[in-house]
Amino acid sequence: MVTILIKEFTTWISVRIFEGGEFPRVRSASSLSHFRTIMSEELAHFGKGNVRIEREESGRFGSLRWCDIAPLVEHCDECNTTENVSTVQLGEFGHESLCEDCREDLLEKV
Ligand SMILES: [Zn+2]
């Protein structure tokens with residue numbers, strides 16, 4: 001499992017890629033479009049099911065929202081699949097990602 005740590009600063013976003021070595025590989029973006037390019041490249045490289053996303057300083061880079069990241073990386077919180085997953089924003093920074101099957105199971109329980 002590769003961990004990608006997205007750390008926001010006010011004018012740029014740092015993307016740290018932990019591939020298992022001692023130090024992460026670090027890339028940085030000063031725009032949302034460059035950030036999306038970096039994420040697409042890394043996710044295409046590793047496969048999105050193998051990447052775990054962590055965030056630090058969420059909200060510092062004003063225009064970055066979880067909904068910008070989620071479509072790139074979403075996998076189901078319950079079963080970890082990447083098929084048919086949709087993400088719901090909960091409050092300002094929280095989110096919930098569930099695949100169709102788990103969402104149905106959850107709805108049946110309610
Ligand atoms: Zn699921």
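**Exercise 1.** In this predicted model, determine which residue in β2 stands opposite I4, and place that pair in the pairing of its two strands.

*Solution.* Begin with the residue itself: I4 stands opposite I17 in β2. A further pair can then be added, since T3 faces F18 in β2. Next, turn to the strands, where β1 (residues 2-8) and β2 (residues 13-18) run antiparallel and are joined by 6 bridges. Finally, consider the connection, in which 4 residues lie between β1 and β2, the two strands forming a hairpin.

**Exercise 2.** Starting again from I17, find which residue is its bridge partner in β3, and describe how β2 and β3 are paired and connected.

*Solution.* The bridge partner of I17 in β3 is R25. The strands β2 and β3 pair in the antiparallel sense, over 5 bridges. They too form a hairpin, here with 6 residues between them, and G20 in the turn has a positive phi of about 115°.

**Exercise 3.** Establish the order of the strands in the sheet, explain why one side of β3 and of β4 is left without a neighbour, and locate helix α1 relative to the sheet.

*Solution.* The open sheet has 4 strands in the order β3-β2-β1-β4, and its pairing is mixed. Because β3 (25-29) and β4 (51-56) stand at the edges with a single partner strand each, one side of each has no neighbour in the sheet. Neighbouring strands are turned by 20° against each other on average, with direction ignored. Helix α1 (residues 32-46) packs on this sheet and touches β1, β2, β3 and β4, while its direction makes about 145° with that of β3.

How values were computed:
Residues are numbered from 1 along each chain as its sequence is written. This is a predicted model: local features need pLDDT of at least 70, side-chain atom pairs count only at pLDDT 80 or more; totals for chains, interfaces and linings use all residues. Two strands pair if DSSP finds at least two bridges between them. Axes are lines fitted to C-alpha atoms, for helices over the stretch in contact, and angles run from 0 to 180 degrees between N-to-C directions. Two residues are in contact if their C-beta atoms, placed from the backbone, lie within 7 Å.
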